[in-house]
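Please look over the structure below before reading on. A short report follows it.

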Amino acid sequence: MRIRTAIFGVYVLASAVGLVVLMALVLRDVRLRYVESMRRTLGDTAVYLAAYAAPAAPGEAWAQKLSNLPAGTEGLRVFACDPAGRVLFDAAGRDLGQVYAWNLTGGGPVASQNYTTPNIAEVDNELRVAAPVRLGNAAVGWVGVGRPLATVAKGVRDARWRLVGMAGGIALLMLVAGWWISARLTHSLERLTAYAHDVRDGRPAAHPASRAREIAELGRAFEEMREALEGRQRMERYTQALTHEVKAPLAAIRGAAELLDESMPEEQRRRFLANIRNETARIQQIVERLLELSSLEARKALHAAEPVGAAELASEAAAAVRNAYAARRLELAVEAAPGLRLHGEKVLLREALVNLLQNALDFSPAGGRVVLRVGGGLGRVEFAVEDAGTGVPEYALPRVFARFYSLPRPDGGRKSTGLGLSLVREIAHLHGGEAALANRPGGGARAEFWVPAA
C-alpha cells in the first residue's frame, strides 16, 4: 500500500467517525431546539392568560373568563385547572372534569428553565405548559396551554435534511482536502525517492527543497551522504586510475635510469634521457589533468559566472590553437551565428572548446580542414567541432568520454592522457548542458557540447 493511500484512509476514517458522531448529536438536538422554542412561546402565552384570568375577589369564577377568548388555532389548546388539578375549562372540550396530575412531569433537564415550578410535560404527544393563577399570594388554580408535537414534525424533518445536505457537502470538501493534504505530504517523499534514484544511477541531481523542516533535514542528510559517498568513490577511482596510468611511465623511467648506469654510446644516452623527460612530462600532464578534473567534479556550482558572447568565445578558442593548426598545415574555420549569448565561466568554456579543437587537430590529416560551428535553438547554445579525419571506431564511441580512454593518433600511434573529453563533459554538466561525439556521414567526427542560452 502506498503511504499516500494509507494517510488518506486514516484521515477519511477519523473524519467519518467524528462527523457521524457530531451529526448524530446535532440531529438529535434539532428536535430539542424546536420543542424548546415552542415551550418558551407556550410558557409566555400561559403566563399572559394566567394574568388575564386572575380573579378580582374570592369565589369569582375566574376560569369562565377564558371562554371569551377566540377559539384556538393551529392545534393550540387552552385549559384551566383548580388547585387539585381538575380541569375547569378546556377550549377543545375534551378533558373537562378530568384531573391532571400536578406537579407536571416529563419535561426533561430543561423543563423548568426560566420558571420557578415544574410546569412542563409531554402527555399523549402534546406539549403542555401551565402557569399559576393567583389571588394575592395564594394560588387558586392553573392556566395551561397545550400544542401537539406533530405540528413541529415537518420543521424538524426539513431541518434535519438540510443538516444532512450540509454535512454531505462538508464531507465532500473534507475528502478533497484530505486527498490534497496526503498528496502534499507524500510529494516531498516522492521527490526524495526520485533524487535517490538519480544518485543511484549516477545522474546529476540536486536534493529537493521543502518547507517542512523534517523533509528538508532528510533531504540535506541525503545530500551529505551522497557527497560523502561520491568523495570516497572519487578518491578510490582517481587513486586506481592514477596508479594504472603512471605505472607504465614509471617503468619506462626506471628501465632507462638503470641502463644509464651502464656504459653506452652518447647517442643512446641522449635517447634514454629524452625518454625519461617525455615520460616525466606525461606523468606531470596526467597529474595536472586529474587534479583539474577532480576539482570540476567536486564543484556544485559556477564560481564566477558572467554573460559570455558565443561568437567571441569561439574566436578566442580558435586563436589559442591557430599556430598548432598552421604547423600541421590544417585550415581552421569558425562559423558562428551572431547575437548568441550564454551565462557561465568563460575560462572553463574556452578550455572545453580548446580541448575539442586539440582533439580534432590530433586526428585530422595534414592539409585537412576543421570547422568550429556555433549555433542556437530551443533555449541553448551549441558548439560543434567537425574534422575530416578517419572518425571513431564504432566500438569506441560509447567509451570516448570515459576517463583515461584514448585512441592511438594516426601520426604515430601515441595516445593522450584520455582526460580531455572527460573535462569537456564535466564543464558542460557544470553549466547545465551536455557533450556528445559521433561520426559524420561524409567522414570524420563531430564533437559537440551545448549549454543553456542566457
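The text below covers helices first, then strands.

This is a predicted model, in which local features need pLDDT of at least 70, side-chain atom pairs count only at pLDDT 80 or more, and totals for chains, interfaces and linings use all residues. Residues are numbered from 1 along each chain as its sequence is written, and side-chain values use heavy atoms, with hydrogens and water left out.

**Helices**

Helices (H or I, at least four residues) and strands (E, at least two) are DSSP runs, numbered from the N terminus. The expected span of a helix is 1.5 Å times one less than its number of residues. Helix α5 covers residues 310–327; its 18 residues should span 26 Å, and its end C-alpha atoms are 27 Å apart, which agrees. α5 has a kink of about 45°, centred on valine 321. Here the bend at a residue is the angle between axes fitted to the seven residues ending there and the seven starting there.

Buried means under 20% relative accessible area, exposed over 50%, and partly exposed in between (1.4 Å probe, protein chains only). The buried residues of α5 are Ala310, Leu313, Ala314, Ala317, Ala318, Val321 and Tyr325. An α-helix has 3.6 residues a turn, so residues three or four places apart point the same way. The cover over the buried residues of α5 includes β6 (306–309), α6 (346–363) and β9 (369–377). Contact means heavy atoms within 4.5 Å. After α5 comes arginine 329, with a positive phi near 55°.

α6 has 18 residues and reaches 26 Å from its first C-alpha to its last. Of these 18 residues, 13 are buried, so α6 is largely enclosed by the rest of the structure.

Arginine 28 sits in helix α1 (residues 3–53). Arginine 28 is exposed, at 57% relative accessible area. Between arginine 28 and arginine 160 lie 9.0 Å in space, C-alpha to C-alpha, although they are 132 residues apart in sequence.

**Strands**

Two strands pair if DSSP finds at least two bridges between them. An open sheet of 5 strands has the order β2-β1-β5-β4-β3, with antiparallel pairing. Its edge strands, β2 (87–90) and β3 (120–123), each pair on one side only.

Three antiparallel pairs are listed here, each with one bridge.

| Strand pair | Bridges | One bridge |
|---|---|---|
| β3 and β4 | 4 bridges | alanine 121 with arginine 128 |
| β9 and β10 | 7 bridges | leucine 372 with valine 385 |
| β10 and β12 | 7 bridges | valine 381 with valine 451 |

β9 and β10 form a hairpin with 2 residues between them. Leucine 378, in the turn, has a positive phi of about 55°. In β10, 5 of the 7 residues are buried, so β10 is largely enclosed by the rest of the structure.
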